[in-house]
Number of protein chains: 2
Amino acid sequence: MPPASPPDPARVSRDADAVGDRGRRHGSATVTPPAVAVSVDLVLLTLRAGRLCVLLIQRARRPADWALPGGFVDGDEDLDASAARRLVDATGVTGTGHLEQLRTYGGQRREPLTCGVSVAYLALLPNLPQPPPRPARRPDGHWWPVEELAAPGGPILAVDHRRIVIDGVERARAKLEYTPLAAAFCEDEFTLADLRRVYEAAWGVGLDAPNFRRKVLSTPGFVVPVGRRTSPRGGGRPAELYRRGMATALHPPLLRRSV
Amino acid sequence: MPPASPPDPARVSRDADAVGDRGRRHGSATVTPPAVAVSVDLVLLTLRAGRLCVLLIQRARRPADWALPGGFVDGDEDLDASAARRLVDATGVTGTGHLEQLRTYGGQRREPLTCGVSVAYLALLPNLPQPPPRPARRPDGHWWPVEELAAPGGPILAVDHRRIVIDGVERARAKLEYTPLAAAFCEDEFTLADLRRVYEAAWGVGLDAPNFRRKVLSTPGFVVPVGRRTSPRGGGRPAELYRRGMATALHPPLLRRSV
DNA sequence: ACAAAAGTGTTGTCAATACACCCATGT
DNA sequence: ACATGGGTGTATTGACAACACTTTTGT
């Protein structure tokens, strides 16, 4: 973001207190702060058929109008807890994948109807038992390949959800470089080829299998061998199985070729 | 963040609509969403005397209670604009440095009095004309070296502001690796030694000057030479002056030694 | 049954690159 | 004293070749 965009001069130094108007609440004359609606939106990413996909929900009363799963945050609810709850609601699965806060969007840029701030979360999930469960009245959810969002004929997204998805995808692509989060896209046990295909799908590139193997195995805590092999499926040498290790960062990172 | 922490079962699927309760607003029976107070908090970082420092404000009625500058967001105000306004309020300078959103904190973890969500912003600034201007009634602001925050005798921070500062410092340290943002800590024109001292102060390490020079100059768009030199100050060969270039990322990055 | 072919995963080699460490020179 | 330029050894990486294990296909 470029440096401070020129602020509205009428607003500068409106507060006498540099701590902000929040400080007034400690005084004798308590003012009620402006309250706004806070919602949580989820960017759920997974790999399906070798393509990076995001879960979008088709709104009931708006044909061809797609939105991210999410909803309002309860007043006393923790943001992370709210996001975790919405994740279970939308997918029906629990205890798998990775969930982290992405960014908060808000202010004038949003549609008047949904004015307020939206705290976006990013989740990386293995290929779920599709389609996600549909309780009664639950709108239809579809996994959209992220490349199709920009293409003609793609879904029309609500409010600023397209921007949120773009940010989430870029965050995921970047995090693959310096964290072992690629394993969050895989099942509990996976092969190095599975892991490599995560990178290839997310980055849209081809990776050299031997080099990838060397890199992953030489990074302590990235993966740990299970000691078993895949049962041969359709031909080819059975691959060794791995689980994700305890590393939280990759040193040195697994960098993308050029950007 | 580990996978979805076990959500409150009583809450799961409380909504019949997977889009979330937000969807109800499009129906005939409009419910008022729970509204909470949204504030903006700023982590302002700069370099002073070779140390990375953060600006803290001493609250009026609470001795030894320090807080980040910030305040409530107006209902119709853009988050980024609000942060930019607070930045000018706190420092008195405009159009310099770098400002970006850091993360949003909220929910139960916050003090009851300041319940609600706080959108934290991170600013990287050159050494400002110190101390920051003090209009009447403005509480005293001090630049605290970030190492002293963890040391005994350091400031006692309000609410979760210590966590916010830690996150902001780590974000800044990480961003120095793969972006040219180190220049945001410098004046408009700077020497490569100035730039190197940014890295050394932020990371708490010593860097080899020749290697650093090679690395920076070989990264296109990191810095551009001005064509002048510093007037010799106190002995030593005058250094060439540079401005920051137009690059937005460093490829390959300038990695920290081990983490 | 047997052999050959094809598909997949694993191991090994080599060159190009990037980097840490050190020395030399100019002002 | 400090900025700048150059040199050398080591570690990492990219490209590619070779090998191992399995299924499929043909005779």
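Trainee: Of the atoms of DNA strand C within 4 Å of the protein, what percentage belongs to sugar or phosphate?

Mentor: Sugar or phosphate accounts for 56% of those atoms of DNA strand C, and the rest belong to bases. Please keep in mind that this is a predicted model.

Trainee: Which residues come closest to DNA strand C?

Mentor: DNA strand C is surrounded by 20 residues, and the closest are Arg213(A), Gly236(A), Asn211(B), Arg237(B) and Arg257(B). By residue class, the surface near DNA strand C consists of 6 nonpolar, 4 polar and 10 charged residues.

Trainee: How should one read the polar contacts of DNA strand C?

Mentor: One asks which part of the strand and which part of the residue form each pair. The side chain of Arg213(A) has an N or O atom 2.5 Å from a phosphate oxygen of DNA strand C. Two base nitrogen contacts may be set beside this. A polar backbone atom of Gly236(A) lies 3.5 Å from a base nitrogen of DNA strand C, and an N or O atom in the side chain of Arg214(B) lies 3.3 Å from a base nitrogen of this strand. The elements giving two or more residues to the surface near DNA strand C are helix H4 (192-203) and H5 of chain A, together with H5 of chain B.

Trainee: Which element gives the largest share of the surface near DNA strand C?

Mentor: That element is H5(B), with 4 residues.

Trainee: Let us turn to the other strand. How many residues lie around DNA strand D, and which come nearest?

Mentor: There are 24 residues around DNA strand D, of which Asn211(A), Arg214(A), Lys215(A), Arg213(B) and Glu240(B) come nearest. The surface near DNA strand D holds 9 nonpolar, 4 polar and 11 charged residues. Of the atoms of DNA strand D within 4 Å of the protein, sugar or phosphate makes up 60%, the rest being base atoms.

Trainee: Which parts of DNA strand D do Lys215(A), Gly236(A) and Arg214(B) approach?

Mentor: Lys215(A) places a polar side-chain atom 2.8 Å from a phosphate oxygen of DNA strand D. A polar backbone atom of Gly236(A) is 3.4 Å from a base oxygen of that strand, and an N or O atom in the side chain of Arg214(B) is 3.2 Å from a base oxygen. Two or more residues of the surface near DNA strand D come from each of these elements: helix H5 (209-218) of chain A, and helix H4 (192-203) and helix H5 (209-217) of chain B. H5(A) provides the largest share, 4 residues.

Trainee: How is the packing of two helices described?

Mentor: In general, one gives the angle between the two axes and the distance between them. Here, the axes of H4(B) and H5(B) are 10 Å apart, and the helices pack at an angle of about 105°. Angles of 65 to 115 degrees count as roughly perpendicular, so H4(B) and H5(B) are roughly perpendicular to each other. H4(B) contributes Leu192(B), Leu195(B), Arg196(B) and Tyr199(B) to the contact, while H5(B) contributes Ala209(B), Phe212(B), Arg213(B), Val216(B) and Leu217(B). These residues comprise 7 nonpolar, no polar and 2 charged.

Trainee: Finally, is Ala83(A) buried or exposed?

Mentor: A residue under 20% relative accessible area counts as buried. Ala83(A) has a value of 0%, and is therefore buried. Ala83(A) belongs to helix H1 (residues 79-91) of chain A. Leaving aside residues up to four places away in sequence, Ala83(A) touches Val40(A), Leu42(A), Leu99(A) and Tyr121(A).

How values were computed: Residues are numbered from 1 along each chain as its sequence is written. Chains are lettered from A and ligands numbered from 1 in the order in which they are written. This is a predicted model: local features need pLDDT of at least 70, side-chain atom pairs count only at pLDDT 80 or more; totals for chains, interfaces and linings use all residues. Side-chain values use heavy atoms; hydrogens and water are left out. A residue is near a molecule or strand if one of its heavy atoms lies within 4 Å of it. A polar contact is a pair of N or O atoms within 3.5 Å; within protein, one must be able to donate a hydrogen and the other to accept it, and residues adjacent in sequence count only if both atoms are side-chain atoms. Ala, Val, Leu, Ile, Met, Phe, Trp, Tyr, Cys and Pro count as nonpolar, Asp, Glu, Lys and Arg as charged, and the others, Gly among them, as polar. Axes are lines fitted to C-alpha atoms, for helices over the stretch in contact, and angles run from 0 to 180 degrees between N-to-C directions. Angles under 35 degrees count as roughly parallel, over 145 as roughly antiparallel, 65 to 115 as roughly perpendicular and the rest as oblique. Contact means heavy atoms within 4.5 Å. Buried means under 20% relative accessible area, exposed over 50%, partly exposed in between (1.4 Å probe, protein chains only).
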